[in-house]
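The exercises below are meant to be worked through with the sequence and the structure side by side. Each task is followed by a solution that goes step by step.

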Amino acid sequence: MSNIRITKQFSFETGHALYGYDGKCRNVHGHSYKLSVTVIGTPISEKDNAKYGMVIDFSDLKKIVKEEIVDVFDHATVFNKNTPHVELAKELSDRGHQVLLVNYQPTSEMMVIDFAEKIKQRLPQNINLHSLRLQETATSFAEWYASDN
Ligand SMILES: Nc1nc2c(c(=O)[nH]1)N=C([C@H](O)[C@H](O)COP(=O)(O)OP(=O)(O)OP(=O)(O)O)CN2
Ligand SMILES: [Zn+2]
């Protein structure tokens, strides 16, 4: 049976700031992120299986990505916890804002590495993460490929 890639797309609104960056993105600002998740596997061949013909049910993939990423990042502001931005994060959090502290600089590159680890841990054994594409602006995106790593 052939290996087939399938892709599901997601979107979420997230704020961030790049501490120490030498451009405008050191300021707190936000993006409408678009995330494409591609997995690879063999379509289920047992005719009596409810998921016959599917690599993974799109809705099962959606549940994983929603729980691990979309529901966590959507309408949150992400800060690098290893910077003085923790103080700003605490102030915002104390005032009821949705804040997310991460252990990395929240660039699209680092976010896509984080997302890949989280999704890989949740996929069934016979399905592999093929690639992720995280679009930050209309003209900027980062990609993670299993074959590169
Ligand atoms: N390699 C990276 N460079 C930059 C990142 C990043 O995640 N990785 N992030 C930013 C900013 O957060 C923001 O995304 C600005 O990106 P940029 O493409 O520069 O945005 P513009 O609106 O200026 O894009 P144009 O389409 O060129 O107007 C900065 N760099
Ligand atoms: Zn940005």
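**Exercise 1.** At which residues does UniProt place the feature "active site"? Then work out whether C25 and E136 are buried or exposed.

Solution. The model shown here is predicted, and the annotation comes from an unreviewed UniProt entry, which places "active site" at C25, H75 and E136.

Step 1: locate the residues. C25 sits in the loop that connects β1 (4-16) with β2 (29-41), whereas E136 belongs to strand β5, which covers residues 128-137. H75 comes after helix α1 and has a positive phi, near 60°.

Step 2: count the neighbours. A residue is called buried when 20 or more other C-beta atoms lie within 10 Å of its own. E136 has 20 such neighbours and therefore counts as buried, while C25 has 15 and is therefore partly exposed.

Step 3: list the contacts of E136. When neighbours within four places in sequence are set aside, E136 is in contact with H31, Y33, S108 and F141.

**Exercise 2.** Find the residues around ligand 1 and sort them by character.

Solution. Step 1: the shell consists of L18, C25, T107, S108, E109, E136, T137, T139 and S140. Two or more of these residues are supplied by α3 (108-122) and likewise by β5.

Step 2: sorted by character, the shell holds two nonpolar, five polar and two charged residues. C25 and E136, which are in this shell, are also among the positions that UniProt gives for "active site".

**Exercise 3.** Which residues does UniProt list for "binding site", and why can they be said to gather at one spot?

Solution. Step 1: the unreviewed entry lists H16, H29 and H31. These residues span 16 residues in sequence, yet no two of their C-alpha atoms are more than 8.2 Å apart, so they gather at one spot.

Step 2: consider the two that lie in β2. H29 is in this strand and, because it has 12 C-beta neighbours inside 10 Å, it counts as exposed. H31 is also in β2, but with 17 such neighbours it counts as partly exposed.

Step 3: follow the contacts of H31. Apart from neighbours within four places in sequence, H31 touches T14, E136 and T137 in the sense of a contact, and E136 is one of the "active site" positions in the record.

**Exercise 4.** Trace how β5 is paired with other strands.

Solution. Step 1: β5 pairs with β2 in the antiparallel sense, over seven bridges, and in one of these pairs I40 has N128 of β5 as its bridge partner.

Step 2: β5 is also joined to β6 (residues 140-145), again antiparallel, by six bridges. Here L132 stands opposite W144 of β6, and the two strands form a hairpin with two residues between them.

**Exercise 5.** Describe helix α1, and then place it within the whole chain.

Solution. Step 1: α1 covers residues 58-73 and has a kink of about 55° centred on K66.

Step 2: its buried residues are L61, V65, I69 and F73. An α-helix has 3.6 residues a turn, so residues three or four places apart point the same way. The cover over the buried residues of α1 includes β1, β2, β3 (76-80), β4 (99-102) and α3.

Step 3: the chain has three helices and six strands, which follow one another from the N terminus as β-β-α-β-α-β-α-β-β. Of its 149 residues, 21% count as buried.

Definitions and conventions. Residues are numbered from 1 along each chain as its sequence is written. Chains are lettered from A and ligands numbered from 1 in the order in which they are written. This is a predicted model: local features need pLDDT of at least 70, side-chain atom pairs count only at pLDDT 80 or more; totals for chains, interfaces and linings use all residues. UniProt positions are given in the numbering used here, feature names are shortened, and annotations may be inferred rather than shown by experiment. Helices (H or I, at least four residues) and strands (E, at least two) are DSSP runs, numbered from the N terminus. Two residues are in contact if their C-beta atoms, placed from the backbone, lie within 7 Å. A residue is near a molecule or strand if its C-beta atom, placed from the backbone, lies within 6 Å of it. Ala, Val, Leu, Ile, Met, Phe, Trp, Tyr, Cys and Pro count as nonpolar, Asp, Glu, Lys and Arg as charged, and the others, Gly among them, as polar. The bend at a residue is the angle between axes fitted to the seven residues ending there and the seven starting there. Two strands pair if DSSP finds at least two bridges between them.
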